[in-house]
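Trainee: Could you take me closely through a single part of this model, the open sheet and whatever packs on it?

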Amino acid sequence: MNTILSLRPEHSAAIPPSVSIGAPANPAARHMAWVATGGAIALAASLPWWGESSWMREFVEIACYLIFAMMWNLLAGYGGMVSIGQQAFFGIGGYAMLALGNLAGVNPFIAVPLGAIAAGVIAVPVSWVAFRLQGGYFAIGTWVIAEVFRLSFANLSVVGGGSGTSLTALRGISKATREGITYWTALACVVASIALVYLFLRSKRGLALLAIRDSEVAAESQGIDVRGMKLAVYVVAAIGAALAGALYFLGNLRISPDAAFSVNWTAFAIFMVVIGGIGRIEGPIVGAIMFWTLNKLFSDYGTWYLLGLGLMAIIVTIFFKQGLWGWAQQRYGWTLFPTQRRLGK
Amino acid sequence: MSAVLVQTHGLVARYGDAQALFGIDFELHAGELVAIIGANGAGKSTFLKALTGLVGVPRQTVRYADENIGGLRPGEIVRRGLTMVPEGRRLFPSLSVEENLLMGGFAQRPGPWSLVRLYALFPILKDKRRLPATQLSGGQQQMVAIGRALMSNPQVLLCDEISLGLAPIVIKEIYDAMPAITAEGMSVVIVEQDVSVAQRVSQRLYCFQEGRVALAGDSKALTREQISAAYFGD
Amino acid sequence: MVETLLQGVLLGSLYALFALGLSLMFGVMRLTNVAHGDLVVLGAFAAIAIATVLPWHPLAIGAALLVPGFGFGYALQRYLLNGTLGKDPLPSMVVTFGLSIVIQNALLQLFSADPRSLDAGALGIDSVQIGAGIALGTLPLLILIISLACTAALQLLFDRTALGRAFRAVSDDREIAELMGLDASKIYALATAIACALITLAGVLQGMRTTVSPSDGPLLLLFAFEAVIIGGMGSFWGTFVGALILGVVQQIGFHFDPGWGIWFGHLVFLAVLVVRPRGLFPRTH
C-alpha cells in the first residue's frame with residue numbers, strides 16, 4: 001500500500017499489502033461502507049425520540065472535542081503548523097454565536113455556523129501576525145494571540161467581562177426541544193467536519209498540502225502556492241475550531257473568557273491527536289473516543305488523572321510515534337478512511 | 001607500492017530511499033593522491049560519505065589502517081585520522097574563519113598542522129581570520145574548508161568537489177597547495193568534476209558510472225577515449 | 001513616570017533570567033520547551049521545600065540548587081528530549097507539553113494550589129534611595145545585577161570559549177559538526193544543563209520576589225518568549241534588552257490598571273512581531 005500520508009519511509013514498508021477494514025478498495029464493498037455510514041447517521045439522528053437527554057448532552061460535548069481535535073490535526077498534521085493557540089478561535093466562535101444570539105436577535109442555532117465564519121474572517125489578519133513565526137515559536141506565538149483575545153474579551157462588559165454571561169436567546173424554548181435541536185446541530189457539525197476534511201484531503205489541494213508538508217521548498221518549485229495553501233488551511237482550521245466553540249457554548253448556555261480561551265482545549269486536542277495518531281484522518285476520532293472514555297473513568301482523580309495524561313502524551317510520542325491508532329494500523333493494517341491515492345495498481 | 005591504507009570491497013550504500021552504490025572496489029595506498037571522476041549522480045559523494053561515516057554501511061565493507069570502520073560515527077572516524085572536506089564547503093556561518101579552523105581541531109589529534117602553519121599555507125586567511133567565514137569569496141571559503149579538515153591532522157584527506165563553482169585560476173591556486181599538504185605523507189582522495197585537473201594532479205584515478213567503478217588505472221596512462229567511454233557509459 | 005520606568009527595568013531583569021534559558025535552548029538545538037516556565041516554578045518549589053527543613057537563606061538554597069539544576073537539565077536533555085529532536089517540531093513540543101502538565105499537577109498534588117513564597121528576610125524588605133524620593137528594593141536591584149552578570153557570562157561563553165564555538169557550530173550544521181568529532185547529544189545536554197541552572201536561579205529569585213503557585217508556569221513561558229522575540233534572536237544581550245522592554249511596558253500597563261499590565265506586554269510583543277519580525281536587535285549571520 002502506498003502511503004503518501006506517511007512522513008517516514010519506514011511506514012510504507014511495514015504496512016501489509018491489502019488488509020483494511022472499514023472502507024476497502026473494491027467498489028462494491030466501498031458502496032456498502034457508504035450505505036452503512038448513512039444508516040448509522042440516520043440512526044443517530046433519531047436519538048432524540050428514543051434516547052435519554054443525558055446521552056444527547058454527552059454527544060454534544062464529545063462532538064466539540066472531536067471537531068476541535070480534527071481541526072487541530074488538520075492544521076498540525078497536514079498543514080504542518082503546530083499551534084497552541086487554536087483556542088482563540090474556539091472562544092471567538094463561542095462569543096460570536098452568543099453575541100449574535102443575545103445582542104442581534106439571531107437564532108442561536110443559525111448563529112453557530114455564522115460564528116464559525118466570523119472566526120474564519122478574523123483568522124486572516126491574525127495570520128498576518130502569526131505567520132511571522134515558524135515552528136516552535138509559531139506555536140507559542142499563537143498562544144500569546146489567544147491570550148490577547150482572552151484578556152480583551154475579559155474587558156468587554158457588553159458580553160459580561162471577566163465573569164462572562166449567559167446565552168439568553170434560547171429562553172422560551174422548551175428544554176426537550178432545545179436539547180434535541182442542539183443535538184442535531186452537533187450531529188450535523190460532526191458529519192460536515194469529517195466530510196469536509198475527508199474531501200479536502202482527497203482533492204488536488206489535499207495532495208498539494210501533503211507536498212508542502214514534506215518539503216515547502218520543493219513544493220514551491222513545483223508551482224504550488226505555499227503561502228496561499230497555508231493560509232487556506234489556517235482559515236479552515238479556524239472555522240472548524242470556532243464551530244466547535246459555538247456548539248459548545250450553545251450546549252453549555254454560559255460563557256466566560258477563561259472557559260472560552262482556555263489552553264486546555266488545545267491540550268486536550270493534542271492528547272486526542274497524539275493518542276489517535278497525527279496526520280491520519282481517523283486519528284482524532286479514535287483519540288476523541290479514547291479520551292472521552294478516560295475522562296469518564298478517571299476524571300474524578302483530578303490532578304492524578306491529568307498527570308497520567310501528561311505522562312501518556314510523553315510515552316506515546318516517544319514510543320508510538322504514529323499514535324496508538326497509527327501503531328495499530330501499521331501492525332494490523334486497519335484503515336477507516338483511505339485518503340491515499342493508489343499509484344499504479 | 002606502499003601499504004594499502006583505505007580499502008573497500010563490494011561496497012554498497014543507499015542514499016535516502018535509493019541505492020547509490022552497487023559494489024565499489026577501491027584502494028588507496030599511503031602517500032597517494034587518487035582521483036574519482038564521474039557524472040553527476042554517479043555516486044562519488046555518497047562513496048566519500050560512506051568512508052567518513054555520514055552514510056551508514058556494514059562494518060566490514062570499509063577498511064582503514066587494518067581496521068573495519070564501516071558505519072562508525074563520523075567523530076570516531078575523524079579521531080582515527082580520516083577526514084573530509086565536504087561538498088559545498090559547509091562552513092559554519094556563525095563562526096569566523098579562525099573559529100571554523102579551530103573547530104576542525106576539535107578532535108585534538110596530534111600532528112604538524114596548526115593555525116600558524118595553515119596561515120603560512122593560505123596567507124589570505126590570516127588577514128581575514130576574524131571575518132564571518134561565509135563572507136569570504138568562494139575560493140577563500142574553499143581554503144577555509146580545506147584548512148578546517150587539515151586541523152584534525154588526518155592521515156587520509158577526502159576532498160569532495162573542491163573546485164566546484166570556482167574560477168580556473170582559483171582552482172589552480174588551490175591545487176598548487178596540494179604538494180605542501182601531502183609533503184609529509186598524507187594520502188588524499190579527490191572527487192573532481194574537471195577530468196583534466198583530476199588526471200593532472202593524481203597518480204591513479206577511478207571513474208564511477210551509476211554507482212559502479214567503470215574504469216580504474218594510472219592517471220597518466222588512461223586515454224581520453226577510455227575515460228569518455230567510462231564516464232558516459234557507452 | 002521615572003519610577004515606573006525603573007520598576008519596569010527591575011521587573012524586566014527577572015524576565016531576562018527566564019528568557020536566557022529559552023534563548024539558549026532554542027539557539028543551540030531549535031528546541032521549543034513548552035515546559036520552560038514550569039521548570040522555573042519547579043525550581044522555586046524545590047527551594048521552598050528545602051526551606052521547610054533547612055534554616056538557610058533562600059539565596060544560599062538557590063546557590064546549592066544550581067548544581068542539581070544543572071544535572072537535572074543534562075539528564076532531561078540526554079535521556080528524554082534528545083530523542084524528540086529532528087526536522088519535525090511536533091514531538092519535542094508534545095513531549096514538553098506533557099512535561100508541563102506533569103510538573104504542574106505533581107506540584108499541585110504536593111503543595112496544593114496556594115501561592116507560596118520564599119522568605120528573603122531583610123533583603124526582601126530593604127530598599128535603596130535613588131535621588132528624588134524614589135526608593136528601589138534591594139532584592140530587585142540584586143536581581144538586576146545577577147541578571148546582567150548571567151547575560152554577560154552567557155554571551156562570553158558563546159563568543160569566546162571552545163564550548164561556545166561548539167554550541168554555535170552544532171546549531172549551524174549538526175552533521176558537519178559531528179564530522180569534526182563533536183558529540184551532538186552531549187553538547188545538547190550541556191546546553192540544557194546550563195539553561196536549567198539559569199532556570200533554577202530564576203525560580204528561586206521569583207519565589208523571593210513574589211509568590212509562586214503550581215500553575216504559574218505557562219505565563220512565565222510567555223514572558224520569556226516575548227522577551228526573546230522582542231529582543232531579537234541570536235544574541236543574549238538582545239534577549240536581555242527585550243526583557244527589559246517587556247518589563248517596562250508591563251509596568252506602564254500596571255500603572256494605568258492592575259489588569260492591563262500583561263495585556264500591554266502581549267500587545268507590544270505583537271506590534272514588534274508585525275513591524276520588526278526579526279526583533280529589535282537580531283544578530284545577523
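Mentor: Two strands are said to pair if DSSP finds at least two bridges between them, and with that cut-off in hand we can read the sheet of chain B in this predicted model. Six strands make up an open sheet of mixed pairing, and their order is β6-β7-β8-β3-β9-β10 in chain B. The edges are formed by β6 (82-85) and β10 (212-218) of chain B, each of which pairs on one side only, while neighbouring strands are turned against each other by 20 degrees on average, with direction ignored.

At the β6 edge, β6(B) pairs with strand β7 (residues 156-160) of chain B in the parallel sense, over 4 bridges; within that pairing, B:T83 has B:L157 in β7(B) as its bridge partner. Helix α6 (residues 138-150) of chain B packs on the sheet here, touching both β6 and β7 of chain B, and the direction of this helix makes about 170 degrees with that of β6(B). Because angles over 145 degrees count as roughly antiparallel, the helix α6(B) can be called roughly antiparallel to β6(B).

Turning to the other edge strand, β10(B), we find that helix α10 (residues 224-232) of chain B also packs on the sheet, where it touches β3 (33-38), β9 (204-209) and β10 of chain B. The direction of α10(B) makes about 35 degrees with that of β9(B). Taken together, the sheet carries α6(B) on β6 and β7 of chain B, and α10(B) on β3, β9 and β10 of chain B.

Technical notes: Residues numbered from 1 in each chain as written. Chains lettered and ligands numbered in written order. Predicted model: local features only at pLDDT ≥ 70, side-chain atom pairs only at ≥ 80, totals over all residues. Helix = DSSP H or I, 4+ residues; strand = E, 2+ residues; numbered from the N terminus. Axes fitted to C-alpha atoms, helices over the stretch in contact; angles between N-to-C directions. Contact = placed C-beta atoms within 7 Å.
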